[in-house]
Amino acid sequence: MSREFVYRPHCCEILNRVVNGADTRPGTAIEACCACSEVSTIAPMRSAAAGLYARMWAAAFPDARVFGERQLHHEALEGSTIDDLEADARRRLAVKDRTLGTIECAGRHHGEIVQCKYAGA
């Protein structure tokens, strides 16, 4: 994750979870992509694993069409297995202390007065 184009969607996914009140600990799509990338250097990927890689890549980079129709084929053939692999990957890649701490807001963001639900909390 040393490249900005990889780190940016990771941060966006975490921030979206914060905004939606979701758990920030499970692995992100980018973390799953990095794991799939590592695995692909060790052994050939079976259809479901390749489908997981494609699904996570599409989640992280929705405008990129890297896997194209191949992703649809993997999803059609292995969809439920990919669901299981995704849940397992996100669980295994979880960061237990990646949680939102106490937020202190004085009602100003970048020097501007704002309506913030955390102001005075």
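Ala49 lies in helix α3 of this predicted model. Its relative accessibility is 23%, so Ala49 counts as partly exposed; the buried class requires a value under 20%. Beyond its neighbours within four places in sequence, Ala49 is in contact with Cys36 and Leu85. Ala49 and Arg91 are separated by 42 residues in sequence, and their C-alpha atoms are 16 Å apart.

Helix α3 itself agrees with the span of a straight helix. Its 14 residues should cover 20 Å at 1.5 Å a residue, and the end C-alpha atoms are indeed 20 Å apart. The buried residues of α3 are Ala48, Ala50, Gly51, Leu52, Tyr53, Ala54, Arg55, Met56 and Ala60. Their cover includes α1, α2 and α4.

Helix α4 departs from a straight span. This element comprises residues 69-92, 24 residues in total. A straight helix would reach 34 Å at 1.5 Å a residue, yet the end C-alpha atoms of α4 are only 28 Å apart. A kink of about 90° is present in α4, with its centre on Glu78. Buried positions in α4 are Gln71, His74, Gly79, Ile82, Glu86, Ala89 and Arg90. The residue that follows the kink centre, Gly79, is thus among the buried ones. In general, an α-helix has 3.6 residues a turn, so residues three or four places apart point the same way. The cover over the buried residues of α4 includes α1 (4-19), α2 (29-42) and α3 (47-60). Helix α3 is therefore listed as cover for α4, and α4 is listed as cover for α3.Contacts from helix α2 involve both α3 and α4. Ala29 is placed in α2. With a relative accessible area of 1%, Ala29 is buried. Leaving aside neighbours within four places in sequence, its contacts are Glu13, Met56, Ala59, Ala60 and Arg90. Of these partners, Met56 and Ala60 are among the buried residues of α3, and Arg90 is among those of α4. Ala29 and Leu85 stand 56 residues apart in sequence, with 12 Å between their C-alpha atoms. Leu85 is also a contact of Ala49.

The loop between α2 and α3 contains Ala43. Its relative accessibility is 33%, so Ala43 counts as partly exposed. Ala43 and Asn16 are 27 residues apart in sequence and 33 Å apart in space, C-alpha to C-alpha.

Aromatic pairing was examined next. The structure holds 3 aromatic pairs. In one of them, Trp57 and Phe61 have ring centres 4.6 Å apart and planes at 45°, so the pair is tilted. The tilted class lies between stacked, under 30 degrees, and edge-to-face, over 60. Trp57 and Phe61 join Phe5 in one aromatic cluster. Phe61 has a relative accessibility of 15% and so counts as buried.

The strands frame a backbone exception. His110 occupies the loop between β1 (108-109) and β2 (112-113). Most residues other than glycine have a negative phi. His110 is not a glycine, yet its phi is positive, at about 55°. The residue is exposed, with a relative accessible area of 86%.

At the level of the whole chain, 4 helices and 2 strands are present. Their order from the N terminus is α-α-α-α-β-β. The radius of gyration is 18 Å, whereas a compact globule of 121 residues would have a value near 14 Å. The C-alpha trace spans about 55 × 30 × 25 Å along its principal axes. Buried residues account for 30% of the 121 residues. Accessible surface amounts to about 8,600 Å², and carbon and sulfur atoms contribute 54% of it. Among contacts between residues at least 6 apart in sequence, 58% join residues at least 24 apart.

Key. Residues are numbered from 1 along each chain as its sequence is written. This is a predicted model: local features need pLDDT of at least 70, side-chain atom pairs count only at pLDDT 80 or more; totals for chains, interfaces and linings use all residues. Side-chain values use heavy atoms; hydrogens and water are left out. The expected span of a helix is 1.5 Å times one less than its number of residues. The bend at a residue is the angle between axes fitted to the seven residues ending there and the seven starting there. Buried means under 20% relative accessible area, exposed over 50%, partly exposed in between (1.4 Å probe, protein chains only). Contact means heavy atoms within 4.5 Å. The radius of gyration is taken over C-alpha atoms; the globule rule is 2.2 Å times the number of residues to the power 0.38. Accessible areas come from the Shrake-Rupley method with a 1.4 Å probe; for residues, only the protein chains shown count as cover. Rings of Phe, Tyr and Trp (its six-membered ring) pair if their centres lie within 6.5 Å; planes under 30 degrees apart count as stacked, over 60 as edge-to-face and the rest as tilted.
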